[in-house]
Structures are given as structure tokens and as C-alpha cells.
Amino acid sequence: MGAIVAIVGRPNVGKSTFFNRLIQRREAIVDAVSGVTRDRHYGKSDWNGKEFSIIDTGGYVLGSDDIFEQAIDKQVELAIDEADAILFMVDVETGITGMDEDVAKLLRKVKKPVFLVVNKVDNAKRAEEAVEFYSLGLGDYFTVSSINGSGTGDLLDAVVEVLPETEEEEDELPRFAVVGRPNAGKSSFINALIGEERYIVTDIAGTTRDSIDTRYNRFGFEFNLVDTAGIRRKGKVKEDLEFYSVMRSIRAIEHCDVCMLVMDATRGFDGQVENIFWLAARNNKGIVILVNKWDLVEKETQSVKEYSQKIRKAIEPFTDVPIVFISALTKQRIYKAIETAVEVYKNRSKRIPTRKLNDIMLPVIERTPPPAIKGKYVKIKYITQLPTHYPQFAFFCNLPQYVKEPYKRFLENKLREHFDFTGVPITIFMRKK
Ligand code: GDP
Ligand code: GDP
């Protein structure tokens with residue numbers, strides 16, 4: 001699981017420019033699920049071999065129609081709650097503003113690592129001007145230019161230094177996250193699933209931030225549930241639930257193997273649900289879609305088949321995903337939901353022996369080889385599944401750069417046809433041999 005770095009700061013200091021610089025290089029390399037809309041405020045980055053997620057909280061907050069001051073408060077609170085390190089960005093061009101001082105005041109109380117980042121330091125003269133930011137009372141600062149990239153290396157060196165080690169999960173139990181929009185029925189689903197407290201085996205000890213994990217033993221399965229519904233912030237409960245739900249989802253998704261994406265059947269698979277779906281897919285998590293409140297749907301007008309087709313249309317090209325129609329209220333198929341999540345978990349940890357993989361895939365490739373480009377023929381020699389936590393395959397060939405997206409999609413479909421990877425994103429690499 002990755003550490004989370006949050007960027008906070010008032011509008012126009014350059015947060016999104018900086019954010020883009022961090023994720024850009026990586027997005028170009030990591031050929032995630034192609035052709036999907038990317039979340040412009042959340043992405044992965046890595047530095048010195050350490051991987052982390054980076055969140056431009058400003059992007060989320062300003063997406064809502066809050067006035068700035070309140071929005072900033074929320075941004076900072078959120079970063080304090082959810083992130084492992086906070087980058088507080090200010091702007092040397094405008095100097096210190098009242099809003100900067102307000103944010104600094106909040107951040108001075110924080111125990112987590114806070115980095116004061118003075119942006120737009122494009123030249124030496126501006127580097128001198130940056131000293132005024134000492135008066136924010138946050139100690140040393142880093143100067144960067146998000147536009148030309150200077151200073152970012154030193155900053156990232158310091159940031160990854162304080163991030164927690166991304167240790168492999170010790171626990172062999174499946175980790176299921178229940179995610180979805182507010183009011184989709186996540187809490188109801190969890191309650192239906194668990195019924196009584198006695199099914200809770202242990203609360204995994206740890207810091208408050210990890211306490212969203214609870215171990216359950218239910219229906220003959222043992223699993224950890226990563227809960228986003230149960231936690232409601234004291235005080236400021238109702239406001240901006242959508243926004244919090246996105247942030248909670250990010251956190252929960254990072255910490256799970258399989259996402260149980262709960263949606264409200266009466267509202268449909270809308271853009272917000274789709275965002276959460278791709279968040280999970282891009283993180284290479286297993287996915288089960290739970291169409292909840294199925295008890296409310298008029299079965300004459302909406303059949304399971306039609307409903308499923310609509311969802312699959314929305315999630316193209318990654319359509320090999322189980323969809324279970326449930327009712328948290330009547331408990332219809334909630335056992336099936338867990339059973340399906342367990343299957344997806346198994347698919348995700350599946351290892352295909354190299355011999356078997358080649359015996360099946362090489363003849364397929366021979367029948368339908370990659371199209372020749374400029375008279376050059378690609379010859380795929382062998383295939384192996386990489387020893388990673390989720391399915392990744394390397395296809396060794398003479399001219400890897402000549403294999404384009406459509407052919408990779410073809411290979412993926414063939415893999416899915418022959419081996420069950422339902423609910424699991426697959427990554428395909430072409431490698432030089
Ligand atoms: P955000 O609102 O904090 O996300 O800020 P943006 O990233 O949208 O940037 C606001 C403006 O500052 C844009 O016009 C950027 O081009 C500009 N900007 C961002 N970083 C730098 C920088 O390092 N140097 C200069 N000179 N301008 C920058
Ligand atoms: P959450 O915000 O995702 O945790 O959603 P809740 O579990 O709080 O549910 C929101 C509302 O939907 C509540 O009024 C629930 O009683 C209702 N609800 C949840 N699941 C179902 C269901 O399967 N059928 C019906 N009819 N109502 C449901």
C-alpha cells in the first residue's frame with residue numbers, strides 16, 4: 001500500500017502545475033487502463049524507488065461551490081486526516097497573504113510532516129525573496145519552480161525520507177473495501193453482512209488512521225473489511241459528503257485487494273460511480289460492482305441483463321467485471337456478494353505457470369500475429385507472468401515498440417478467455433528479447 005502526499009494551498013499558487021509535473025513522467029510510462037478519463041487531482045508518483053500517491057486537495061475542494069476560506073480549511077483538515085505528508089504551497093510572486101497565514105496556523109499544530117514549498121522560484125532573485133516565508137513559523141522551506149522543475153528533486157528527497165515504508169501486507173486475509181457514493185447503502189450493506197458484533201473477530205490494532213480495518217468471519221470466509229461508510233467526521237457531518245466520499249474512497253482503495261463498489265440501482269451508474277470505478281481499476285484492485293436497492297427496481301421495465309449491459313458499456317474496455325444485484329435491506333444476495341469478492345481475490349492472486357501460458361498463448365499469437373509495421377514483423381517468443389501482487393504479463397519479442405494498444409487489448413482478451421481473471425485489471429508489457 002502506498003503512502004499519501006497531499007498538496008494544500010490557496011488558489012493560483014501552482015498546486016496543479018506541480019501535481020502534473022510529479023505524475024506526468026509516470027503516467028507516460030505506466031500504461032494503465034488506456035483511454036479512460038483520468039482524475040486530474042489524484043495520481044501516483046515515485047522518487048528514489050519509493051512510490052506514493054499524490055493528491056491535489058485544492059482541486060477537489062474548488063470543485064465544489066464553497067467559498068475559498070471554508071474550502072481551504074477543509075483542504076487542510078482533510079490532508080491532516082488522510083495524508084502521510086503535507087506539502088503546503090505558497091507563491092513567491094505574490095508573497096504572504098492572509099490565507100497563507102490562516103493555513104500556516106492550522107499546520108503549525110499538526111504532528112505529521114509538513115513541507116513548506118515556496119513555488120514560482122524561477123530564478124536566483126526570487127530565491128532571495130523567499131526568505132519572507134520564514135515568518136509563517138513553519139521552519140525551513142523548499143523553493144521550487146513547478147514550471148521549470150528546479151528544486152523539486154531536493155524537495156522529493158526530503159519527502160520520501162519521511163514517508164512510511166511501503167511494506168508488503170503481512171496479513172494473508174483478503175482485504176475488501178466497501179466504497180461508493182453517499183447513500184448508496186454502504187453502511188446498510190455492512191450492517192446486513194455483519195449483523196451482530198460477534199462476527200467481528202478482532203479490531204486490528206494500530207493508529208487511529210488504520211482503524212478502518214476490521215476482521216470478519218462470516219459465511220465461512222475470513223476477511224478484512226476496509227470501511228468507508230462507518231467513519232463520519234464529528235461535528236461537520238453533512239456538508240460536502242460527496243467530496244469526503246471521494247477522499248475516503250481513495251484511502252480505502254489504496255488499502256484493499258478488492259473493491260466492493262456499492263451503487264444505488266435507482267440512481268444508475270453515473271459519473272461519480274464511474275470515477276470510483278476507475279480509481280480502483282487504475283490502482284490494479286479487484287472490483288465487484290454491487291447494484292444495491294434492487295428491491296426498489298421495477299423488474300418488468302428493468303431486467304438484470306439490460307442493467308448489466310448498461311454498466312458494461314460505461315466501463316469499456318474493462319468489462320470483465322462481476323455485477324451482483326443485491327438489497328442490503330432484504331439481505332438479498334449479500335452472501336453472493338462476499339462469495340464473488342472472494343473469487344475476484346483469488347483471480348487477482350492467480351499465477352499461471354509459464355509453460356501453460358506459452359502452450360496456450362503462443363498458438364493464439366501464431367494464428368493472429370501483431371500487424372506488420374513498415375514491413376517489419378513482430379515475433380513474440382515467449383510470455384511470462386511477473387511475480388507481482390496483481391496480474392502483469394511480459395511478452396518478449398524482437399520489436400516491442402511496434403506492438404500497439406489494439407493488439408495488447410487483443411492479448412488481454414485472449415488471456416481472459418483462457419484464464420479466469422474476472423474482476424481484475426491486467427497489465428501487459430512488451431519486452432525486448
Ligand atoms: P493552483 O490553483 O494552485 O492549482 O495553481 P495552478 O497550478 O493552476 O497555477 C496558477 C498559475 O501559476 C498558472 O498560471 C501557472 O502557470 C502559474 N505557475 C505555476 N507554477 C509556476 C512557477 O513555478 N513559476 C511561474 N512563474 N508560474 C507558475
Ligand atoms: P451509505 O451512505 O452509503 O452508507 O448509505 P446508507 O447505508 O446510510 O443508506 C442510505 C439510505 O438508503 C438509507 O435510508 C437506507 O435505509 C437505504 N437503503 C440502503 N440499502 C437499501 C436497499 O437495499 N433497499 C432499500 N430500499 N433501501 C436501502
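The legends below describe close-up views of a predicted model.

**Figure 1. How confident is the predictor, and where is confidence low?** Let us start with the whole chain, which averages a pLDDT of 83, with 82% of the residues scoring at least 70. Over residues 62–66 the pLDDT is below 50, and this stretch has six contacts in the model beyond near neighbours in sequence. Residues 196–211 also stay under 50, and the model has 16 contacts for them beyond four places in sequence. Where pLDDT is low, the predicted coordinates should not be read in detail. For the complex, the predictor gives an ipTM of 0.67 and a pTM of 0.69.

**Figure 2. The surroundings of ligand 1.** Here you can look for 15 residues around the ligand, of which Gly14, Lys15, Ser16, Thr17 and Lys120 come nearest. Helix α1, made of residues 15–29, supplies the largest share of this shell, with three residues. Sorted by character, the shell of ligand 1 holds three nonpolar, nine polar and three charged residues.

**Figure 3. The loop that leads into helix α1.** Asn12 sits in the loop between strand β1 (3–8) and α1. Its phi is positive, about 75°, although Asn12 is not a glycine. Most residues other than glycine have a negative phi. Asn12 has 13 other C-beta atoms within 10 Å, so it counts as partly exposed.

**Figure 4. The surroundings of ligand 2.** Around this ligand there are 16 residues, and Gly185, Lys186, Ser187, Ser188 and Leu329 come nearest. Which helix gives the largest share of the shell around ligand 2? That is helix α7 (residues 186–194), with three residues. The shell of ligand 2 divides into six nonpolar, seven polar and three charged residues.

**Figure 5. The loop that leads into helix α7.** Asn183 is placed in the loop between β7 (175–180) and α7. Phi of Asn183 is near 70°, a positive value in a residue other than glycine. Is Asn183 buried, exposed or partly exposed? With 14 other C-beta atoms within 10 Å, Asn183 is partly exposed.

**Figure 6. Strand β3 and its partners.** Strand β3 (residues 50–56) is mostly covered, since five of its seven residues are buried. With β1, strand β3 pairs in the parallel sense over five bridges, and Ile7 has Asp56 in β3 as its bridge partner. With strand β2 (residues 42–47), β3 runs antiparallel, joined by six bridges. Among the facing pairs to find here is Asp46, which stands opposite Glu51 in β3. β2 and β3 form a hairpin with two residues between them, and Asn48 in the turn has a positive phi of about 50°.

**Figure 7. A three-stranded open sheet.** The strands follow the order β14-β15-β16, with mixed pairing. Strands β14 (380–385) and β16 (427–432) stand at the edges with a single partner strand each, so one side of each has no neighbour in the sheet. From one strand to the next, the twist averages 25°. β14 and β15 (residues 392–397) run antiparallel and are joined by five bridges; in this pair, Thr384 stands opposite Ala394 in β15.

**Figure 8. A cis peptide bond in a loop.** Glu316 and Pro317 are joined by a cis peptide bond, with omega about 5°. Most peptide bonds are trans. To find this spot, look for Pro317 in the loop between α10 (304–314) and β13 (323–325).

How values were computed. Residues numbered from 1 in each chain as written. Chains lettered and ligands numbered in written order. Predicted model: local features only at pLDDT ≥ 70, side-chain atom pairs only at ≥ 80, totals over all residues. Near = placed C-beta within 6 Å. Helix = DSSP H or I, 4+ residues; strand = E, 2+ residues; numbered from the N terminus. Nonpolar A, V, L, I, M, F, W, Y, C, P; charged D, E, K, R; others polar. Pairing = 2+ DSSP bridges. Axes fitted to C-alpha atoms, helices over the stretch in contact; angles between N-to-C directions. pLDDT = per-residue confidence, 0-100. Contact = placed C-beta atoms within 7 Å. Buried ≥ 20, exposed ≤ 12 C-beta atoms within 10 Å, placed from the backbone.
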